[in-house]
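Reader: Please take me through the fold of this chain and the surroundings of its ligand, in a series of questions.

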Amino acid sequence: MQKTIGVLTSGGDAPGMNAAVRAVTRAAIKKGFRVVGIRRGYNGLLNNDMVELTTRDVADIIQRGGTEIFTARCKEFREWEYVLKAKDICVRDNFAGIVVIGGDGSFRGAADLSKAGIPCVGLPGTIDNDIQCSEYTIGYDTAMNTVMELVDKLRDTSHSHERCAVVEVMGRNAGHIALNTGVACGATAILVPEIEFDIEDVIQKIKNARANGKEQFIVIVAEGVENYSEKLAKTIQEKTGVETKFARLAHIVRGGSPSLADRLLAARMGVAAVDMLMEGMENVFVCERDGKMVPADIQEAIVMDRMYKSTFTPSVKYPEEALKTYSPEKIEYMMNFCVMREKEIKELITTAEDISNYSV
Ligand code: F6P
């Protein structure tokens, strides 16, 4: 009986997910597998909501945003009983493995399913770029380009009315989208959860810039700086006298046709995922390092993620218990990786500061 590879998209959608489904489907068919699209994330496995995908079925989707096989978060999948139920369905349908396209929550499910005996390979598909092991995630580039386009439009109207625009962008706990688009859009200030800030500095910057003749201001705030951006807009208006508008870009940033970079990443990662399954790998996800597609252990990536986030998000606990299973060398390697990512963020903030300084 012909072996099957399942493919699913899970968690928040991201531009390029369709391109990834297409790549997985075509690469797997070429290598002799039957391919099944599991609809609505892990729910499709539990509810038997699956469709066979042929080469033809994935035609004309490379350019489409969203995901044609739908996505969802699946609470039941956190319970072992449901993971085992999914495993039985995979065995029944002769699955050789599953490619899971999604963010960190989706990878937890993939790790559990691998533990239950069904090989899973993850593809990082999230606009947040918050999978520390991979330099890029599918959807991130498109989301940033969308933010840039929208902020450029806000800038036109802010310029005409000599106003300030406070723009909140998605990214969950991570400030990558805010930081990069802030630099690219020439923001006067950028606030991200990874770096402490003083609101008085932001106010002073706007006042100085105003005194130096600047007539419009863009302040970009990552949603991870919780419940703050709307309040910040009011504070800026009160303290600087500059009329300030607030815009939350929210889900609009998740839509749209994927950029060239995201289509390319999806294609390369999709093909690599099928190769990894064929090589007998499981419980790994494909990540980009130094431009190459390499496997990374899912569990390790989850631990590394918690390690990184716990340094700036009070609600995320340092993964002390989980670290006990790793050697001192491995822990040092993980720590160095987190330090490197933090350094990248700090460097970019410095760049932003250097080129938005109106006080001199
Ligand atoms: O993880 C992607 C993301 O878009 C985050 O940036 C955001 O915090 C979250 O998903 C929103 O989720 P939902 O679509 O469930 O509102």
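Reader: How many helices and strands are there in the protein chain?
Author: The model is a predicted one. Its secondary structure combines both element types, and the protein chain holds twelve helices and eleven strands.

Reader: What is the radius of gyration of the protein chain, against what the globule rule gives?
Author: For 360 residues the globule rule gives 21 Å, and the value for this chain is close to that, so the chain is as compact as a globular protein of that length. Along the principal axes, the C-alpha trace spans about 75 × 50 × 35 Å. The radius of gyration itself is 22 Å.

Reader: Which strands stand at the edges of the seven-strand sheet?
Author: This open sheet has mixed pairing and the order β3-β2-β1-β4-β5-β10-β11. A strand with a single partner has one side left without a neighbour in the sheet, so the edges are β3 (50-52) and β11 (292-297).

Reader: In β3, which residue is the bridge partner of Val36?
Author: Strand β2 (residues 34-38) runs antiparallel to β3, and three bridges join the two. Within this pairing, the partner of Val36 is Glu52.

Reader: What angle does the direction of helix α1 make with that of β1?
Author: Helix α1 (residues 17-30) packs on the sheet and touches β1 (4-9), β2, β4 (95-102) and β5 (120-124). Its direction and that of β1 make an angle of about 180 degrees.

Reader: Which are the edge strands of the four-strand sheet?
Author: The second open sheet is parallel, with the order β7-β8-β6-β9. Pairing on one side only marks its edge strands, β7 (189-191) and β9 (244-248).

Reader: In β9, which residue is the bridge partner of Val166?
Author: Strands β6 (residues 164-169) and β9 run parallel and are joined by five bridges. Helix α5 (residues 140-161) lies across β6, β8 (217-222) and β9, at about 165 degrees to β6. The β9 partner of Val166 is Phe246.

Reader: How much of the accessible area of the ligand does the protein cover?
Author: The residues around the ligand include Thr126, Ile127, Asp128, Met170, Gly171, Glu223 and Arg254. Polar side-chain atoms also approach oxygen atoms of the ligand: one of Arg73 at 2.6 Å, one of His251 at 2.9 Å and one of Arg172 at 3.4 Å. Of the 400 Å² of accessible area that the ligand has on its own, the protein covers 76%.

Terms used. Residues numbered from 1 in each chain as written. Predicted model: local features only at pLDDT ≥ 70, side-chain atom pairs only at ≥ 80, totals over all residues. Heavy atoms only, no water. Pairing = 2+ DSSP bridges. Contact = heavy atoms within 4.5 Å. Axes fitted to C-alpha atoms, helices over the stretch in contact; angles between N-to-C directions. Near = heavy atom within 4 Å. Polar contact = N/O pair within 3.5 Å; in protein donor to acceptor, adjacent residues only side chain to side chain. Areas by Shrake-Rupley, 256 points an atom, 1.4 Å probe, with all protein chains shown as cover. Rg over C-alpha atoms; globule rule 2.2 N^0.38 Å.
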